[in-house]
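Q: Please take a close look at the aromatic rings of this model, at the partners they have, and at how far the prediction can be relied upon.

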Amino acid sequence: MKILRSIQLAASLLSVMAIPAVAGDLTDGLRDGSIWEKDRPTICSSDFVGLRYRPVDNHSICLMPRLSITSCEVCPRKVKKIDLKDSKLGMGNLKFGETIVYWDDENKTKRIDAWIYTRSDDGDREKGEFNTIIKDSFRQLTAITKGLPELRADVSEADIDHVGVDGMRQWYWEWDGGVILMEASSSDTADDGSPFKAEFIRLKIGRDRDAIATGGADNISKKKDIKKNVKDDPRSRDRWIAGIPMIDQGTKGYCVPATTARVFAYYGMDAVDMHTMAQMFDSHGREGTSLCKMVQGLSEISEKFKYELRCPIAITGARSARNDWYKEVRSHIDDGIPLLWCVELGIADEAGIPKGYEGSHMRLIIGYNKRTRSIIFTDSWGEGHEFKYLKLDDAYKITSDMRVIVPKK
């Protein structure tokens, strides 16, 4: 009996030892770097087991650790909306909100972008509250990385003028197992006129510096290079621009920041992400973005980013202008330039848009088909919305504005 009990006890201890760390706590895997050796199926079934997520594209998913299923007023699809309950994802006591995980071409985990705070999801914070979140996050990251071999830290405010926003501070930790960059951004003026507005606190976590490196203004593509992205299908007669990354706006009314960020990422400037663009345009998570503020923001940074913002053709609504509009679309696609396409949903019947839904939205026109007289477009709604069609008559009918971002070189 004693032998049997001893065997049972040993088996019990072995089973306990075999249990991995609590799902959602990435501390151990990041400390020793083992997380970067895991492929997509492995990490989703171990570290992320039980966590909701949505695919963004073939190489990334967006984890939603604090979400409940609901519908969203600013998006004509059923999505999951942030509730502010405790997150199940993070590093120890440092909890993550929306988190994007990226894999490389060999399907190995290479980078994790995690938001500790965003204005759109977590509401406004006064300056003191915002600084407290920053200090607490810094202390917890320092405690987690303390004593790691070859730990290097550069704790200072950084000059990121090339990104186009002010009020950004950065802290950096690097060791043999990986790197962490913490970025905290704020604006000078809040909606109520007070001299401070908290924007976001983000972690960029990677297996090395290259994994978290992002392209700035010096990386913008040349006109002659982007023409190489234009593809033709001889069977369907589709002509489209390949290589435009997906950025999912999620539950927020961030179609404008997400869509413009997709264009910049396509041109090689992925340092300008959705939240940075939202700060630049003073976007609101529920009310969306003013077109005037978008135009103003893009115009202000055009010299710095080495591009031109153009309005290729006026939208008159006249049927006679439809063909001129279509010619402009085709001309820009032929040059490898996607078009920022402002539309009014609900005017024309579209697959995936609920009957009776009405609302303003921004998309990207990325192609056309002359044989079917249709345009090819993409929405910032993640997987399944990368490549869609609309007949010319309907496309022109729902158009309210159109802009293009064109490299100067």
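A: A charge is said to sit over a ring if NZ of Lys or CZ of Arg is within 6 Å of the ring centre and within 35 degrees of the ring normal. Arg-330 lies over the face of Tyr-326, at 5.0 Å from the ring centre. A second case involves Arg-111, whose charged end sits over the ring of Tyr-102, 5.3 Å from the centre of that ring.

The model is predicted, and its confidence should be considered before the rings are compared with one another. The chain averages a pLDDT of 82, and 82% of the residues score at least 70. Over residues 1-20 the pLDDT is below 50, and this stretch has 0 contacts in the model beyond near neighbours in sequence. Residues 68-72 also have a pLDDT below 50, but here the model contains 15 contacts beyond near neighbours in sequence. Where pLDDT is low, the predicted coordinates should not be read in detail.

We may now turn to rings that pair with rings. The whole structure contains 10 aromatic pairs. Such a pair is described by the distance of the centres and the angle of the planes. One of the pairs is formed by Phe-138 and Trp-173: the ring centres are 5.6 Å apart and the planes meet at 40 degrees, so the pair is tilted. Planes under 30 degrees apart would count as stacked, and planes over 60 degrees apart as edge-to-face. This pair links distant parts of the chain, since Phe-138 belongs to helix α5 (residues 127-145) and Trp-173 to strand β10 (residues 168-175), 35 residues apart. As for their surroundings, Phe-138 is partly exposed, with a relative accessible area of 26%, whereas Trp-173 is buried, with a relative accessible area of 2%.

Another pair consists of Tyr-266 and Tyr-267. Their ring centres lie 5.2 Å apart with the planes at 40 degrees, so this pair is tilted. Both Tyr-266 and Tyr-267 are buried. In addition, one aromatic cluster is made up of Tyr-117, Phe-130 and Phe-196.

A further aromatic residue, Phe-281, is among the buried residues of helix α9. This helix, residues 274-281, is mostly covered, with 8 of its 8 residues buried. The buried residues of α9 pack against several elements, including β8 (109-118), β12 (197-206) and α8 (255-266). Asp-282 follows α9 and has a positive phi, near 55 degrees.

Notes:
Residues numbered from 1 in each chain as written. Predicted model: local features only at pLDDT ≥ 70, side-chain atom pairs only at ≥ 80, totals over all residues. Heavy atoms only, no water. pLDDT = per-residue confidence, 0-100. Contact = heavy atoms within 4.5 Å. Phe/Tyr/Trp six-rings, centres within 6.5 Å; stacked < 30°, edge-to-face > 60°. Helix = DSSP H or I, 4+ residues; strand = E, 2+ residues; numbered from the N terminus. Buried < 20%, exposed > 50% of the residue type's maximum accessible area, 1.4 Å probe, protein only.
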